[in-house]
Amino acid sequence: MISYIRGTLADFEEDKVIVDVGGVGYGIFMSGQDMGRLPGVGNEVKIHTYFSVKEDAMKLYGFLTRDALQVFRLLIGVSGIGPKGGLGILSALSPDDLRFAVMAGDAKAIAAAPGIGKKTAEKLILELKDKLHLEDALEHAVQMEEMPSGEHAGMSEVRNDAVQALTALGYGSTEALKAVRQVEWRDGMEAEEVLKQALKYMVF
């Protein structure tokens with residue numbers, strides 16, 4: 001099993017990248033979101049991978065984070081969703097957006113992914129509701145912030161309170177998380193202030 005590949009980004013194709021490792025080019029299928037976050041050709045990259053083996057094909061699927069890889073594994077564990085479908089979902093929704101869509105029962109957001117119908121989206125929600133957790137989404141959002149680690153716990157708690165307040169007001173969990181994450185964090189912020197700022201980013 002190939003856990004990850006580290007090498008030089010050699011080329012971009014429509015739905016995959018080529019990574020040169022010691023003169024061997026590995027074709028790795030990736031989501032549109034992850035491909036958009038990669039550096040330019042010639043830079044070193046590390047891509048976490050899932051090796052899919054079938055009778056007629058062997059393919060590598062790649063992710064920039066282990067979290068995205070773990071979510072992908074959960075997705076393809078749902079009957080009716082293969083690697084291509086799982087990658088399509090992660091092209092339409094980030095792992096955190098997917099968590100919130102699942103927790104909110106937002107089948108419409110998931111069905112927006114290519115090749116995923118309403119029934120499949122509803123089945124996905126049913127099967128993954130106990131495996132994807134709101135706390136994980138908030139924790140990963142905090143980890144993406146370039147801030148001293150000592151501030152993470154407080155920021156996470158305040159943001160969590162703000163997201164809960166928005167959902168209590170009737171907003172969808174996915175939209176609530178997106179709005180809260182757009183609020184510029186300042187030391188000493190309270191949930192009420194984050195809530196007020198987040199409301200400016202809500203889509204009506």
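**A surface patch, a buried leucine and the pairing of strands**

In this predicted model, a nonpolar patch on the surface is formed by Phe51, Val53 and Met58, which together have about 310 Å² of accessible area. Phenylalanine 51, one of the members of the patch, is placed in strand S4, which comprises residues 44-53. The relative accessibility of phenylalanine 51 is 32%, and this residue therefore counts as partly exposed. The class follows because partly exposed residues fall between the limit for buried, under 20% relative accessible area, and the limit for exposed, over 50%.

A buried position is provided by leucine 128, which counts as buried because its relative accessibility is 2%. Leucine 128 belongs to helix H6, a helix of residues 118-128. When neighbours within four places in sequence are left aside, the residues in contact with leucine 128 are Leu74, Leu75, Val78 and Val102. For valine 78, the separation along the chain from leucine 128 is 50 residues, while the C-alpha atoms of the two residues are separated by 8.2 Å.

The protein as a whole contains 10 helices and 5 strands. Of its 204 residues, 43% are buried. The accessible surface of the protein amounts to about 11200 Å², and carbon and sulfur atoms account for 49% of this surface. Among contacts in the protein with a separation of 6 or more, 53% are between residues that are 24 or more positions apart.

The pairing of strands was examined next. Strand S2 (residues 16-21) pairs with strand S3 (residues 24-30) in the antiparallel sense, and 6 bridges are found over this pairing. Within it, isoleucine 18 has glycine 27 of S3 as its bridge partner. The hairpin of S2 and S3 has 2 residues between the strands, and in this hairpin glycine 22 adopts a positive phi near 60 degrees.

Strand S3 is also joined to strand S5 (residues 58-63), in this case by 3 bridges, and these two strands run parallel. Here the bridge partner of methionine 30 is glycine 62, a residue in S5. Strand S3 thus pairs with S2 in the antiparallel sense and runs parallel to S5.

Terms used:
Residues are numbered from 1 along each chain as its sequence is written. This is a predicted model: local features need pLDDT of at least 70, side-chain atom pairs count only at pLDDT 80 or more; totals for chains, interfaces and linings use all residues. Side-chain values use heavy atoms; hydrogens and water are left out. Patches are made of residues with over 30% relative accessible area and no salt bridge: like charges are joined within 9 Å, nonpolar side chains (Val, Leu, Ile, Met, Phe, Trp, Tyr) within 5 Å. Accessible areas come from the Shrake-Rupley method with a 1.4 Å probe; for residues, only the protein chains shown count as cover. A salt bridge is a side-chain nitrogen of Lys or Arg within 4 Å of a carboxyl oxygen of Asp or Glu. Helices (H or I, at least four residues) and strands (E, at least two) are DSSP runs, numbered from the N terminus. Buried means under 20% relative accessible area, exposed over 50%, partly exposed in between (1.4 Å probe, protein chains only). Contact means heavy atoms within 4.5 Å. Two strands pair if DSSP finds at least two bridges between them.
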